[in-house]
Amino acid sequence: MFKPSKFIRSKFEEDKQNVVKKFNSHGFRDAEVISDSVYRINEKLVGVNLKLYEGKKYYFRNITWVGNEKYSTDILQRRLDIHKGDLYDQNRLDDRINVDKDAVSNIYMDDGYLFFHAIPKEISVINDSVDVEIMVFEGPQAYINDIIITGNTITNDHVPRRELYTLPGELFSKSDVIGSVRELAQLGYFEPEKLMPNPIPDFNSSTVDIEYPLTEKRNDMFEISAGWGGGYFVGRLGVTFNNFSTKNFFDKKTWRPLPQGDGQKLSLSFQSNGKYYQTYAISFSEPWLGGKRRNAFSVSFYYSDINMKKTSSSSYYYSTYNYRMQVWGASVGLGRRLSWPDNYFQLYGELFYKRYKLEDYPWDLFDGFGSNGKANETGIKIVFSRNNIDAPIYSRRGSSISFTFELTPPYSLLKEKDYASLSTEEKWKWVEYHKYGFEAKNFTSLIGDLVLYTKIQYGFSCFYNKDMGYSPFQGFTMGGDGMNTYRYGKDVVGLRGYEEEAISSNGNAYAKYSLELRYPVILSESATIYGLGFIEGGNCWKNIYEFKPFDVYRTAGAGVRVFLPMLGILGLDWGWAFDPPVGADHYQLQFTMGQNF
């Protein structure tokens, strides 16, 4: 449906060749177009007649290898994976030698044999069987002489260079080149569609220069939004600089509008409706702390204040309330790229502190904590993950998997107290829990740019002491667009098609499954737009022993995502809930900003 329907002579000639190739791929080695005719039906339509000769089917018989010394015939034959009696397909033979991810050429290319090539040749055809001889030229191993970076007009040279697996003096490796392209794309500073490495070999010296031509793109994000709810106007202002440079902070020439080029990230946000509600957040990350190793350092602070005590009593909605809630938070983290089991694994550790203060709060937001009190939360968070997704915006292939462990000290196990009889504020003066999360997602290219995206998520929040029970903080809510992944001491798990917290507002275990089909409309430097259809299921349980992973609320729908360099990802989804709560609508139209499901 996306192909042109106009008759174009050059395309017609190409299509005839494709028809023959299609027959060839099914063993019809002698297939050909005998004749063709194109005739006019009217002013707008033409007819096409093709006369074909199909011939008989052929099969592979004997495959022999000549000239191979590095690898034995048995190894090459196993890699080729074509056997006697298989349908004869020249295209498949070529793909198995040179094109596929596990092609024969790759075991040579990954060991420095850049000059390797193999030429298949038919040596005999007997009845319906074809004997093939594959002539191998291994050549010398090639070492990398120089790495050439071009096109980076904003980003400093050391930023892309430190991401490369290809280093001068090392043996050439095709896998390292592919891995380097993936890392450059993941940075988000360059156009992934234009990342085409260019090996420049020199057979006489057995060396190769590798050029990485880059095309810069803006990926700083600015957010300004507003809304009306509960009788108040709420505005949000946020900015994220994804290629920040602290080193050039005092060099005014590098300000665009702030100093850029060193791959650091600085985010600031503010949300308020005036006196009643204010939230401030700031975070900074350095992906290469010290500049020599891939040690990612991050630090963040935030403060939130819901203060009805300052608000005029003339407000029609809140005139009977006089309350306040304050939340402070800070964290510092360090991440490390691992080299084992492979280069895609990462380990991240974080120390965090949060403080909650409630004064006459009218709702039991924290599930048993009450309307007044102070609580402190400190602990560690560890994330072990693997990620080899090819691009951050429109991903076509790859997968990621992560295990998250979060825990506080077990205060109640270290002190001899009757926690069942303590007051709420004393009981939760220091919050305790241990929490676990699992997430896996995969991208598969089906046909061209049509991509299947699948995702699985589980989460559990547990207690140390049964007299303490589940923590009123660090549970889960489910439902809605999921824009705020963390809110008021709880992780927010979105489920499109349902309202916020429609599934649960205070859960301690959840499961969620997502499946999407994606297709791009625009893939360019200025914008990325793609449509999607989705099916989701999820549920959230108060008690862990109630956890039933396949007892889920179901939803399906369609949406669109728009990525603009200055605004990030904007999304619009229409979801139909198959199992809505009593009194709720079956459908929801939801807008998202700054996230990618």
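Buried means under 20% relative accessible area, exposed means over 50%, and partly exposed lies in between. The model discussed here is predicted.

Q: Is Asp81 buried or exposed, or does it fall in between?
A: Asp81 sits in the loop between α2 (73-80) and α3 (90-99). Its phi is near 60 degrees, a positive value in a residue other than glycine. The relative accessibility of Asp81 is 38%, and the in-between class runs from 20% to 50%, so Asp81 counts as partly exposed.

Q: Which class of exposure fits Glu501?
A: Glu501 belongs to the loop between β22 (490-493) and β23 (504-507). Though not a glycine, Glu501 has a positive phi of about 60 degrees. Its relative accessible area is 35%, so the class is partly exposed.

Q: What is the omega of the cis peptide bond between Trp340 and Pro341?
A: Pro341 is placed in the loop between β14 (324-337) and β15 (345-359). The bond that joins Trp340 to Pro341 is cis, with an omega of about 5 degrees.

Q: Is Ser180 buried or exposed?
A: Ser180 lies in helix α6. Beyond its neighbours within four places in sequence, Ser180 contacts Leu164, Tyr165, Thr166 and Tyr212. Its relative accessibility is 0%, so Ser180 counts as buried.

Q: Which residue's backbone oxygen does the side chain of Ser180 reach at 2.7 Å?
A: The Ser180 side chain has two backbone partners to consider here. A polar atom of this side chain lies 2.9 Å from a backbone nitrogen, that of Tyr165. The backbone oxygen reached at 2.7 Å belongs to Asp176.

Q: Which element gives the most residues to the largest nonpolar core?
A: This core has 22 residues, and Ile147, Phe172, Leu184, Ile210 and Tyr212 touch the most other members. Two or more residues come from each of β6 (143-150), α6 and β8 (207-213). With 5 residues, the element that gives the most is α6.

Q: How many residues make up the other core, the one that includes Phe60 and Val130?
A: Ile210, a member of the largest nonpolar core, has contacts that include Ile144, Ile147, Phe172 and Val177, leaving aside neighbours within four places in sequence. Apart from that core lies another, with Phe60, Ile63, Val130 and Val136 among its members. Its size is 21 residues.

Q: Which element supplies the largest share of the lining of the second largest pocket?
A: This pocket holds about 1,200 Å³ of space. Of its 35 lining residues, the closest to the centre are Val177, Ile178, Gly179, Val181 and Arg397. Two elements, α4 (104-109) and α6 (174-187), give two or more residues to the lining. The largest share, 9 residues, comes from α6.

Q: How many residues of the lining of the second largest pocket are charged?
A: The lining is mixed in character. It divides into 16 nonpolar and 6 polar residues, and the charged ones number 13.

Q: Is Asp390 buried or exposed?
A: Asp390 is in the loop between β16 (373-387) and β17 (398-407). Its contacts, neighbours within four places in sequence aside, include Arg182, Ala185 and Gln186. At 18% its relative accessibility is under the 20% cut-off, so Asp390 counts as buried.

Q: How far is the backbone nitrogen of Arg396 from a polar atom of the Asp390 side chain?
A: Arg396 is also listed among the contacts of Asp390, with Ser395 and Arg397. From the backbone nitrogen of Arg396 to a polar side-chain atom of Asp390, the distance is 3.1 Å.

Notes. Residues numbered from 1 in each chain as written. Predicted model: local features only at pLDDT ≥ 70, side-chain atom pairs only at ≥ 80, totals over all residues. Heavy atoms only, no water. Helix = DSSP H or I, 4+ residues; strand = E, 2+ residues; numbered from the N terminus. Buried < 20%, exposed > 50% of the residue type's maximum accessible area, 1.4 Å probe, protein only. Polar contact = N/O pair within 3.5 Å; in protein donor to acceptor, adjacent residues only side chain to side chain. Contact = heavy atoms within 4.5 Å. 1 Å grid on protein atoms, 1.4 Å probe; cavity = no way out; pocket = protein on both sides within 12 Å on 5 of 7 lines; lining within 4 Å. Points joined across faces, edges and corners; volume = space filled by probe spheres on them. Nonpolar A, V, L, I, M, F, W, Y, C, P; charged D, E, K, R; others polar. Core = buried A, V, L, I, M, F, W, Y, C linked by side-chain atoms within 4.5 Å.
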